[in-house]
Amino acid sequence: MILSLVTFLPAIGALLLMLMPRNDKALRWGALIISLATFGVSLFLPAQFFYGTSGFQFEVNRNWIGQTIHYHMGADGISMWLVLLTTLLVPVSVLVSWKSIHDRVKEFFVLLLLLEMAMIGVFLSLDMFLFYVFWEATLIPMALLIGMYGHERRVYAAVKFFLYTMVASVFMLGAIIWLYTHAHSFDYVAIREWIRVSTQNGSVSGTTLQWLFLGFFIAFAVKVPLFPLHTWLPDAHVEAPTAGSVLLAGVLLKMGTYGLLRFCVGMFPDQAAYNSTWINVLAVIGIIYGALVALVQPNLKKLIAYSSVSHLGFVVLGIFSLTTIGTDGAVYQMLNHGISTGALFMLAGMLYERKHTYEFKEFGGLATPMPVYATFFLLAVLSSVGLPLLNGFVGEFLILSGAFQSTVPHAMLFAILASSGVIWGACYLLWMYQKVFYGQIHHEENRSLRDIDGRERISLVPLVVMSVIMGVASPYWMKSIEPAVISTMPRTGEVKAQAQKRLVYRIVQSAQARATSVINSSDASTVQKAPATGGHK
Amino acid sequence: MNPIQTVDYIRILPELVLTAFGIIVMMADPLLKPGASRKGLGLVALGGTLAAIAATFCQIAWTARDASFSAPGWFGMVRVDSFAIFFHLLIPAISAVCILASLEYLDAQNIRSGEYYALILFGTVGMVLMSSAVELVLIFIALEISSISTYILAGYRRRNAGSAESAIKYFLLGSFATAFFLYGVALMFGATGSTSILKIGPALGSNPGLLAIAATALMIVGLGFKVAAAPFHIWTPDVYEGAPAPIVALMSTGPKAAAFAVLLRVLFATTSSDWFPLIWICAALSMTLGNFGALMQNNVKRMLAYSSIAHAGYLLVAFAASNEIGISAAIFYTASYAAMNVGAFAVVSHFGAGGERYVSVDDYSGLGRRSPLLAFTLTIFMLSLIGIPATAGFLAKYYVFTSALTANAHPTALVWLTVIGLVNSAVASYYYLRLIVVMYMREPVLAEAPAPASGAMRLALVLAAIATIYLGVMPGRVLKYSEAGARDLFPAAAATGNTTPGSSTFPGPVATTPVK
């Protein structure tokens with residue numbers, strides 16, 4: 001019940017806003033109150049969560065369309081925190097849009113609240129059909145937010161974003177329909193079990209599962225975005241209004257990594273292990289490529305956008321290390337990235353409101369006129385860099401330890417290369433800070449820049465405070481994340497052992513089989529049985 | 001011969017009601033001052049369509065009271081089963097919304113004639129009759145009634161050369177297609193000695209001869225023209241471009257739904273599926289040519305014309321699946337497509353203003369700012385045409401593709417058809433999206449803002465939008481009816497005495513398992 005309330009409260013709010021007269025001030029307050037109320041309701045989730053157990057809680061399961069399509073919602077330690085991240089970032093986004101949005105205010109907040117509903121729905125759906133509905137539903141408000149309220153090339157960016165995601169989702173839809181026609185269910189848990197059983201008894205071939213895995217993978221990889229499918233992201237981020245960037249980086253990208261974890265790894269553990277090498281390669285390329293491109297950006301917002309490519313590469317690396325610790329770190333890093341990059345985009349937006357540009361050459365020496373702003377910025381940068389005692393450190397540390405322990409072939413190489421990404425991250429972020437805040441003031445008008453006001457401070461405080469709390473009190477989160485991670489990848493151990501032994505195992509098995517067949521050459525049944533076990537992957 | 005009973009009149013009650021109202025409109029027209037607005041007649045016609053819906057409810061009540069009601073009546077020519085009742089509700093509803101949209105359109109275009117509404121009603125009679133007729137000759141007559149009305153209506157913007165071109169083209173090619181259909185009927189009579197769909201099935205069994213296959217092929221050609229399926233689609237863009245927009249709303253949905261109903265009845269009369277390759281090619285071609293054609297259009301009416309070709313293709317995928325879920329999906333698709341397409345053309349007809357001047361995509365720039373209602377409803381229709389979840393278009397497509405993947409016959413070919421369909425729906429999102437983009441993300445280019453929509457137009461738009469969302473979010477009830485319709489139709493051969501339902505072509509589970 002509480003899940004339905006959290007999901008649909010923003011939608012009800014959007015409806016109310018639609019009916020309100022076009023009074024901008026009232027609309028702003030209305031949106032703020034609704035999003036705060038949603039946040040308040042969502043706080044009941046961690047408060048009433050039953051810690052230490054795996055599986056889904058607060059479940060709702062009703063018939064929706066016919067007997068097969070269900071309204072099935074549930075939260076575990078992974079989705080609960082992502083929902084909280086969403087409900088936290090939305091009121092913050094409302095606050096940063098307070099003054100920067102002054103045209104078509106009503107449409108803006110209606111879209112924002114509809115987007116919130118869809119995002120929460122994505123994280124809570126346990127029915128594939130429902131999941132797909134929410135997944136696609138995030139697309140339209142986001143594309144409209146970029147296209148209606150963005151900067152100069154907004155239409156191009158919005159269309160690119162829409163088409164990229166839409167086309168990729170079609171592959172997932174194909175996979176979902178195929179699964180339904182064979183498993184006769186849309187239920188996440190039921191399909192997972194069906195795949196497990198039919199893999200064991202061999203009723204579905206590995207090739208088919210590989211195609212299904214890829215269908216899901218493409219949809220999520222575009223959203224993450226994983227190199228080389230990332231090209232929509234810089235455009236979308238640079239052109240989006242601040243609130244759009246915050247939610248895009250903070251939540252929408254997490255839908256991709258969440259999907260990778262929940263569906264790709266959760267439902268197809270064998271295929272995840274089988275494909276882990278090249279996915280790790282892409283993740284590492286993403287980490288280093290994103291960092292290097294960020295390093296040379298002349299544009300503040302584009303730099304932060306490319307830093308997202310790099311950071312999300314870490315998350316993918318953590319998930320596809322296929323270790324519990326790496327995945328714990330990945331989930332934690334999803335939350336961290338939402339908070340720290342969300343804060344960075346907000347800060348960039350505040351600067352844009354004053355200067356109407358993101359170009360570094362227009363900045364420099366801003367620490368003098370804007371000391372408070374500079375302090376907040378520094379905290380956000382350090383959290384993003386991964387300074388110990390701040391949240392980013394915990395996530396990156398866990399991911400890298402997972403990557404080092406991983407049994408994926410060449411895991412050590414990936415881990416070492418990825419670790420270099422941490423250094424690159426420090427480079428581009430600190431250089432960015434230097435270019436904006438230190439040095440001489442080149443432009444006279446920059447001397448009189450306003451420092452951030454009360455509203456802006458209020459919108460930043462929650463994120464900065466959270467990055468400190470999450471840096472020092474990570475066990476509080478881990479105690480709910482870890483059981484959920486373990487139950488999402490139940491066969492990690494088994495898969496790990498298999499991956500480790502794959503080559504040796506096969507050689508030994510086939511040798512054994514051959515030996516048996518030679519010895520019992522008269523017994524035909526043994527000959528047939530032996531290759532069957534030997535070929536099992 | 002049995003005397004005609006009261007119950008037989010109930011079986012054609014919607015047709016009778018519509019004809020009566022049509023005649024009233026025709027007779028009242030000369031009594032009005034020439035040059036005066038015919039809005040009153042439009043309201044009478046609207047009443048006629050609503051009365052037809054009421055008559056259908058009367059049929060439903062009769063079915064509940066007397067199970068033999070759904071048996072063939074009128075000397076075995078008409079069969080009012082749940083399949084027919086579904087279309088009896090759908091088609092007058094389409095006409096009603098089109099009339100609502102026309103009320104304002106005729107005044108804006110300075111067309112002052114009452115026959116317009118009468119012709120809509122007569123056309124509706126034909127379409128309604130097509131869905132319940134089970135006698136090929138009666139189907140032919142009904143097809144002609146509906147076609148001739150739409151030929152005339154297509155040319156209703158008399159002073160416009162495009163409209164005349166549209167009417168002539170539609171008439172010539174349409175007559176040609178009807179001739180094909182008639183030839184098919186003749187051959188079918190030669191093959192089976194009967195023109196009753198109910199008798200054709202048992203006569204042919206599961207192994208029809210060459211003559212019957214040729215007859216089915218010819219009928220597919222004739223009906224393929226009516227539903228604008230490739231390769232019989234060439235007329236569509238020109239005709240849709242020239243015809244009055246509310247009429248395009250009608251003829252892209254009503255006759256199409258009726259023709260699909262006939263196609264369903266004809267194709268599933270026998271247990272054979274020799275027509276499978278033909279339908280497969282039609283479906284693949286329609287989806288591909290329709291979508292790629294639409295990509296290049298800058299005229300909204302032409303774009304929607306190509307889109308309607310593409311949607312006919314999606315619908316044919318459900319035909320190709322040839323199972324009970326497929327038929328149910330096809331029936332559901334006609335209703336969904338009607339809701340979104342009628343709405344889209346209603347917006348086009350209002351926005352076009354006098355003389356339908358504004359029909360290019362760029363003219364829609366900034367509509368979100370100038371007329372939030374038009375832009376918002378058009379966005380819903382476009383999203384539904386793309387197939388975004390929570391709209392009718394998504395569920396319709398979803399059921400079509402599910403049916404194709406659950407089919408037992410020709411699984412590989414159907415998987416490929418599904419892949420073609422999915423790729424196509426991804427391609428299609430581009431051109432529908434373009435309209436949303438210009439409405440919300442560009443500044444207005446037209447000097448004048450669109451005139452505020454009249455009450456009737458608002459009602460039409462809101463009804464279509466609500467139907468689109470309703471079918472996308474709460475499709476349960478409509479799905480139940482479409483499934484009932486599919487059950488009536490599918491074991492058609494079995495119901496009329498074929499003892500092996502689900503024999504060679506349709507292995508057991510499909511024919512016998514209740515859907516979902």
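**Exercise 1.** In this predicted model, find where His410(B) lies and work out whether it is buried, partly exposed or exposed.

*Solution.* Start with the place: His410(B) sits in the loop between H18 and H19 of chain B. Next, check the backbone: its phi is near 50 degrees, a positive value in a residue other than glycine. Now for the surface. The relative accessible area of His410(B) is 34%. Partly exposed covers the range between under 20% (buried) and over 50% (exposed), so His410(B) is partly exposed.

**Exercise 2.** Do the same job for Ala390(B): give its place, its phi and its exposure class.

*Solution.* Look in the loop between helix H17 (372–386) and helix H18 (392–406) of chain B, and there's Ala390(B). Phi of Ala390(B) is near 75 degrees, again a positive value in a residue other than glycine. With 29% relative accessibility, Ala390(B) counts as partly exposed.

**Exercise 3.** Describe helix H19 of chain B: what is its span, and where is its kink centred?

*Solution.* Helix H19 runs over residues 411–441 of chain B, which makes 31 residues. From first C-alpha to last, the helix reaches 44 Å, close to the 45 Å expected at 1.5 Å a residue. Then follow the axis along: a kink of about 30 degrees is centred on Leu433(B).

**Exercise 4.** Which peptide bonds leading into Pro225(A) and Pro228(A) are involved here, and what are their omega values?

*Solution.* Take Pro225(A) to begin with: the bond from Val224(A) is cis, with omega near -10 degrees. Moving on, Phe227(A) and Pro228(A) are joined by a cis peptide bond with omega about 0 degrees. As for location, Pro225(A) is in the loop between helix H10 (206–223) and helix H11 (232–239) of chain A, and Pro228(A) is in the loop between H10 and H11 too.

Note on methods
Residues numbered from 1 in each chain as written. Chains lettered and ligands numbered in written order. Predicted model: local features only at pLDDT ≥ 70, side-chain atom pairs only at ≥ 80, totals over all residues. Heavy atoms only, no water. Helix = DSSP H or I, 4+ residues; strand = E, 2+ residues; numbered from the N terminus. Expected span 1.5 Å × (residues − 1). Bend = angle between axes of the 7 residues up to and from the residue. Buried < 20%, exposed > 50% of the residue type's maximum accessible area, 1.4 Å probe, protein only.
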